[in-house]
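Let's take a friendly walk through this model together. Have the sequence and the 3D view at hand as you read.

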Amino acid sequence: MSAPIRLSTPLTSEAVSQLHAGDEVLLSGTIYTARDAAHKRIVEALEKGQEPPFPIEGAAIFYVGPSPAPPGRVIGAAGPTTSYRMDTYAPTLLALGLKAMIGKGKRGPEVKAAMVENQAVYLAAIGGAGALMAGAIDEAEVIAFPELGPEAVRRLVVKDMPLFVVNDVHGEDLYIKGAEAYGRA
Amino acid sequence: MLIQTGPIPVSYCGSKDLSNLREVPVSAVTDTVVRLCGEANIELPADVHQAFYQAVESEESGVGRGVLARLLENADIAQQTRLPICQDCGLAVVFVDLGQDVHLVGGDLEEAINEGVRQGYEKAFLRKSVCHPFTRANTGDNTPAVVYVRLVPGDKVHIWVVPKGGGSENMSQVKLLTPALGRDGVKKTVVETVQAAGANPCPPVIVSVAVGGTFDQAAVNAKRALLNHLDWQNPDPEAAELEAELLQEINDLGIGPAGLGGRNTALRVFADLKPCHIASLPVAVNIQCHAARHKEAVL
């Protein structure tokens, strides 16, 4: 396995098109959190012609609902949630220039096609490693929908967040490639 | 014949001395649940830790070994920082084996358990993940818990707290097969369920399979089998054989740690076989993520 690729936000089509399924990435910069309820609200707002809570163009969205921050910490455990539940909303955001989605678990065909069409990637964080992931987060601030609690939209500043490229702009899928490599009929 | 109504004659109730009943205050149940909620979410059980070490040894994929090493690191960080292992601190599933010689005093058992969950999730900074099914409004304190109470001989109260994450629960299945599909049909259902789940339930998973009983009993038996330690030897040889075959077939899927490809898709399969109706063959497959949190105490 080659050395991890360092990536910083905001992301460009050019930067993400260099990535290939199977690459390990260390992501730094500002990213935004949103999961089920926040996605529903963001897409509904966009449909009404309202502004989203953060600029979608060049953004990376992390599908996470962190646990509460104990005193002296910026955030609690913060691993990824399962991504397919956001599939309904993802193509709309990809069309507006969203460049990376961070989660775990496979994506549907429409999302994969929208990634190729709009030059965006899907990155997997290790599910269930919430305490470890918290160590890559330097700042966290709720910027929208505070009433949603763990599902509120947060602005995070991350440093060297460890991720794997699952779906790239070339239509490759690490989940399919990986299982093919190690499966035995 | 006339059906008698009204109070049951005292003579039917017996007049045995009840002094062998042991009184347990429900507040002790609350205190225990508070402690177990925190410990379960923060401290990876020793059996799961051991299974991770064994998986690192056997894993052929370099990426897979890297993922498993990070899971071990995550468990250490959680232990040191007292952050939960996973941000999904689960729905609190609580099993109680209540000795029939115990007299619970001082309140309602189920409310005592919910109070334990309420305090435990707040005190240990755990995520509250329970909401209304339609409005999705969060109940704010991770209650209500899912509680299963079983009466058993003796004068002890055995409590297990099993925080159950949503990602793996969503990939679980109950199916009512036709008896003609038989053992092969059960195996096919289990392997297909794990394959369809892929990376979603955070592999390497624990797969709990309950066959037989009714629609509801199969599901509860599959959940209950998750209380077993991963190194537990199934005393039913027929079930143990099924476990071994399923583990092999599941690991041959190649899904691997975090679903990124590898030889460790499941750490363990549990199988529970029960008799069923002549018309039925129920099978429940409960998938548990690698953060297989379970803590227990005896009062």
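## A parallel pair in chain B

In this predicted model, strand 7 of chain B (residues 205-213) and strand 8 of chain B run parallel and are joined over eight bridges. To find the pairing on screen, look for Ala210(B), which stands opposite Asp272(B) in strand 8 of chain B.

## The sheet around the pair

Strands 7 and 8 belong to an open sheet of four strands in chain B, ordered 6-9-7-8, with mixed pairing. Strand 6 (173-177) and strand 8 (266-276) of chain B are the edge strands, and each of them pairs on one side only. On average, neighbouring strands of the sheet are turned by 15 degrees against each other, direction ignored.

## Helices across the sheet

Which strands does helix 7 of chain B lie across? Helix 7 (residues 182-197) lies across strand 6, strand 7, strand 8 and strand 9 (281-288) of chain B, and runs at about 30 degrees to strand 9 of chain B.

Helix 8 of chain B (residues 215-225) also lies across strand 6, strand 7, strand 8 and strand 9 of chain B. The angle of helix 8 to strand 7 of chain B is about 145 degrees.

## Where the two chains meet

Now for the contact between the chains. Here 41 residues of chain A are in contact with 43 residues of chain B. On the side of chain A that touches chain B, the elements giving two or more residues are helix 5 (130-134) and helix 6 (174-182) of chain A. Helix 6 of chain A gives the most, with eight residues.

What kinds of residues make up this side of chain A? They divide into 22 nonpolar, 14 polar and five charged.

Methods:
Residues numbered from 1 in each chain as written. Chains lettered and ligands numbered in written order. Predicted model: local features only at pLDDT ≥ 70, side-chain atom pairs only at ≥ 80, totals over all residues. Contact = placed C-beta atoms within 7 Å. Nonpolar A, V, L, I, M, F, W, Y, C, P; charged D, E, K, R; others polar. Pairing = 2+ DSSP bridges. Axes fitted to C-alpha atoms, helices over the stretch in contact; angles between N-to-C directions.
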